[in-house]
Amino acid sequence: MKTLGRPFWIAVGWLMLLTVLAVFASWLPLEDPHEIGAAEARLGPSSSHLFGTDALGRDVFARTIFGARISLLVGLLAIAFGMLVGGGLGIVAGYFRGVTDQVISFCFFTLLSFPALVLALLITATIDRNQWTVSLTLGILSIASVGRLSRANTIVFAEREFVQAARVLGADSTRIITHELLPNVMIPMGALALLGMGIAIVAEGSLAFLGLSVEGDAVSWGKSIVDGSQARDLENNPNVALFPIGVMFLTVLALNYAGDRVREYFDVRETAF
Amino acid sequence: MTFTLEQGEMLGIVGESGSGKSVTAKALMNLLPRTAEIDGRVRFDGEDVRALAAAGSRHFWGVRMTMVFQDPMTSLNPVKKCGEQIAETLRYHLGHGRVAAMKAATDLLEQVGVPEPGRRVNQYPHQLSGGLRQRVVIAMALACEPDLLIADEPTTAVDVTVQKRILDLLDSLRKERGMSMILITHDLGVARGRCDDVAVMYAGRIVERSSTETLFDRSRHPYTDALVRSIPRIEQPSHARLDPIPGRPPELIDPPVQCAFAPRCRYAQADCLESVPPTEGVGESHEFACHHPANTPRGREALANNVAAGVTAAGLQISYRKTR
Amino acid sequence: MAGSGHAPLRGGDSTILEVEDLTVEFRVGRRDVVHAVSGISFDVLEGETLGIVGESGCGKSTVARSIVRLNEIAGGSVRYLDHDLAALSGAALRSLRPDLQMIFQDPISSLNPRRKVREVIAEGLVIWGDGQGVWSRDRIDELMETVGIDPEFGDRRVHQFSGGQAQRIGIARALALDPKVLICDEPVSALDVSVQAQILNLLEDMKQRYGLTLVFISHDLSVVKNVSDRIIVMYLGKACEIGDADLLYEQPRHPYTRALLASIPQPAPTVDESEGDISGEIPSPVSPPGGCRFRTRCPYVSAVCISDEPEMQQVGDSDHYVACHHPVVR
């Protein structure tokens with residue numbers, strides 16, 4: 001009997017803990033993450049400021065927890081958007097093949113060959129940058145890669161005899177896609193979604209360095225890391241940048257590991273014995 | 001399991017998937033993974049084969065004892081020309097020079113009946129048909145003039161007309177060279193038509209072994225008997241009712257201590273469920289492992305009892321109605 | 001060889017399936033066309049089992065798949081009762097689907113690994129509007145009983161079954177729609193020897209019980225003979241011989257049929273084993289030889305075989321047709 005294993009549950013536990021903290025951040029006894037000069041600036045970690053304070057005297061722990069709200073949300077929404085659009089188009093292309101496939105695949109290629117960063121700049125520079133638009137930007141960037149993987153997975157299953165059997169039974173294309181292909185394609189795609197979420201979270205960090213993450217005083221991990229990344233801070237108060245980096249690292253690691261285990265776990269044995 | 005093979009003889013090992021016939025071949029060829037536990041001895045021409053393996057003997061497998069697999073593509077390197085692959089064997093094992101090896105490779109292809117061998121040596125495996133590929137593999141196996149050739153389902157992936165040609169080829173090569181052969185197959189017809197001796201495997205054991213004629217005409221093990229009966233025969237009229245073996249082969253993980261065939265056997269009695277039947281007639285021309293062998297008084301009595309009761313000791317219902 | 005001509009068509013009211021001049025071509029690469037099936041004609045009477053036998057690449061599976069329209073048809077017609085399936089598409093074709101069902105070669109691959117056995121068998125009923133009510137569940141359980149699967153296992157998934165059991169499930173799925181014609185594409189070639197007979201007997205039982213008409217594809221001559229009333233021997237996209245099963249095996253006329261019968265490990269008593277020694281390789285279906293397609297390997301080849309394609313001709317006045325300029329008479 002296959003099991004997911006203890007490390008998997010540790011990873012899931014970490015993600016759960018982070019989610020709960022992020023969701024209930026406002027009700028938790030945390031310092032105000034936005035208030036400048038609430039405490040002395042550039043404090044090291046202590047019992048009153050677990051992760052210390054940044055150059056403006058804000059509590060780094062509170063900023064990391066509140067940052068999780070934006071970062072996790074952006075990660076989740078971005079990959080959800082990518083899955084919905086890219087995954088959907090990929091299945092359609094992989095199932096119908098022919099001209100449909102050629103058109104969709106051409107779009108994927110175009111999207112892939114466009115420099116991602118320039119595209120992100122174009123979008124984020126022209127619109128308001130809140131958590132929704134940043135998610136949308138990253139989501140659009142993920143469409144092509146997600147779509148190509150979904151297309152490849154669909155092709156593998158579309159050639160199997162059970163799809164032909166469904167057609168002989170009289171199932172129309174919609175039913176074949178939703179009842180025969182989707183349940184099979186969803187497993188590898190679900191695993192990919194977890195990996196993709198990790199990538200989106202890191203990508204938000206990169207946007208923050210360009211000053212293109214969420215605007216205003218909204219906090220994200222990317223922005224927290226940027227705040228602590230001036231040369232003087234990195235040298236004297238590395239805690240300001242390192243704690244959010246550490247949390248982001250553990251989160252992405254947990255997502256990648258969980259994704260990998262999920263894929264292995266659901267790898268259906270095709271032969272009976 | 002125990003069996004011996006004389007020089008120049010063809011032994012057939014017959015069994016279904018999971019019966020252990022391929023594992024046997026791999027054990028002989030020292031090809032089993034490290035996780036496998038192997039007990040017992042394999043003697044080849046008086047030498048202990050497993051001692052050779054331990055000693056790291058490089059020029060035994062592939063030279064004196066060699067193997068042909070079911071799927072030729074698994075034994076051929078897809079990015080190397082056929083001729084080079086055969087020549088490589090010759091250069092490695094026999095120390096031939098490059099030119100001599102290529103010449104020998106061309107000759108070998110000719111011997112196994114590959115048309116235009118001069119052209120084929122320069123072709124890649126994917127450019128050949130399945131039948132030709134299998135011939136290239138056979139040529140490669142024969143390159144070092146082995147004493148024993150193990151062929152694992154060599155014709156399962158090819159059509160009947162090609163199968164006939166390959167089996168004819170193996171037959172004539174065996175006769176010309178006095179080579180011994182072990183032919184592993186699931187096809188009773190192939191075993192019957194080509195082998196001197198046949199061993200039938202079920203659930204990891206040889207359940208019956210004898211000369212081919214005896215095995216098919218006077219089978220003792222109910223599994224052999226039932227297998228022969230279950231197969232549609234070309235001389236029967238169409239729509240002849242078949243006599244299937246009920247149930248399916250057992251799984252080999254933690255088998256109970258009983259005759260492995262008992263749950264599917266029409267002859268099964270209480271003692272079949274209590275102990276694994278020992279092999280009778282070891283060393284004689286006909287051995288089998290059954291408490292109530294078919295076509296013997298003991299077997300007839302067992303069958304009559306079961307038919308009268310309508311059910312075997314293992315709970316198998318004997319009637320014309322199908323059981324689940 | 002050959003095979004054009006309509007001689008083997010018997011016509012009449014009891015014809016359920018009539019295939020006329022069926023041609024199927026596949027494009028490979030930019031220019032090449034594989035001539036998978038080239039103008040084959042046959043009919044199937046209600047309640048009959050038609051066997052199609054031949055070696056790999058002869059087009060037998062393509063014929064089967066064309067009948068249920070799993071591939072495009074380049075020419076000819078496939079008539080089921082009054083409908084030309086070759087001319088139909090979309091909803092019109094789908095509405096006839098329940099009548100023509102199929103059983104596949106690889107039983108495991110033909111079942112969706114992510115669905116429960118009961119769902120798999122009920123799929124046809126769900127599509128055709130039976131819903132998933134109580135009645136349906138009883139029907140599914142009954143079907144499972146019929147094919148020899150314990151209904152208790154209805155909630156299991158496919159990978160928990162052996163090949164033989166999976167094939168039984170495939171048969172139950174096809175039978176759920178109460179079909180008229182069942183196409184069996186090599187249904188036992190992936191199964192263990194000891195299980196083959198079970199499935200062949202089951203098919204025979206189901207045929208009797210549900211009044212089915214069977215089209216049975218196999219490369220195994222003995223298996224085909226066992227199940228069929230009438231048999232077609234195919235070579236390279238053409239039919240070479242058609243006839244009553246017993247008659248065809250008793251008096252094979254086409255050199256290729258004889259070669260097949262002589263090649264099997266226990267050759268048929270009606271042929272000489274040496275007739276199995278046909279030379280050469282099967283030509284590429286991309287550029288099949290003109291005239292008779294078997295001429296490149298036939299021991300009886302003559303000038304006319306190269307210039308003219310043989311037509312199907314009746315042998316005597318029996319149900320036996322052969323497409324050969326030099327049919328063998330022994």
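What follows is a short exchange about aromatic rings in this predicted model.

Author: Local features need pLDDT of at least 70 and side-chain atom pairs count only at pLDDT 80 or more, while totals for chains, interfaces and linings use all residues. Residues are numbered from 1 along each chain as written, chains are lettered from A and ligands numbered from 1 in written order, and side-chain values use heavy atoms, without hydrogens and water.

Reader: How many aromatic pairs does a search of the whole structure find?

Author: The search finds 14 over all chains. Rings of Phe, Tyr and Trp (its six-membered ring) pair if their centres lie within 6.5 Å; planes under 30 degrees apart are stacked, over 60 edge-to-face, and the rest tilted.

Reader: What makes B:Tyr202 and B:Phe261 an edge-to-face pair?

Author: The centres are 5.2 Å apart and the planes stand at 85°, so the pair meets the limit of within 6.5 Å and the angle is over 60.

Reader: Why is B:Tyr202 called buried?

Author: Buried means under 20% relative accessible area, exposed over 50%, and partly exposed in between (1.4 Å probe, protein chains only). B:Tyr202 has 4%, so it is buried. B:Phe261, at 3%, is buried too.

Reader: Why is the pair of C:Tyr235 and C:Tyr256 called tilted?

Author: Its planes are 55° apart, with 4.6 Å centre to centre. That angle is neither under 30 nor over 60, so the pair is tilted. Both residues are buried.

Reader: How do you know that C:Arg156 lies over the face of C:Phe153?

Author: C:Arg156 is at 4.2 Å from the ring centre. A charge sits over a ring if NZ of Lys or CZ of Arg is within 6 Å of the ring centre and within 35 degrees of the ring normal.
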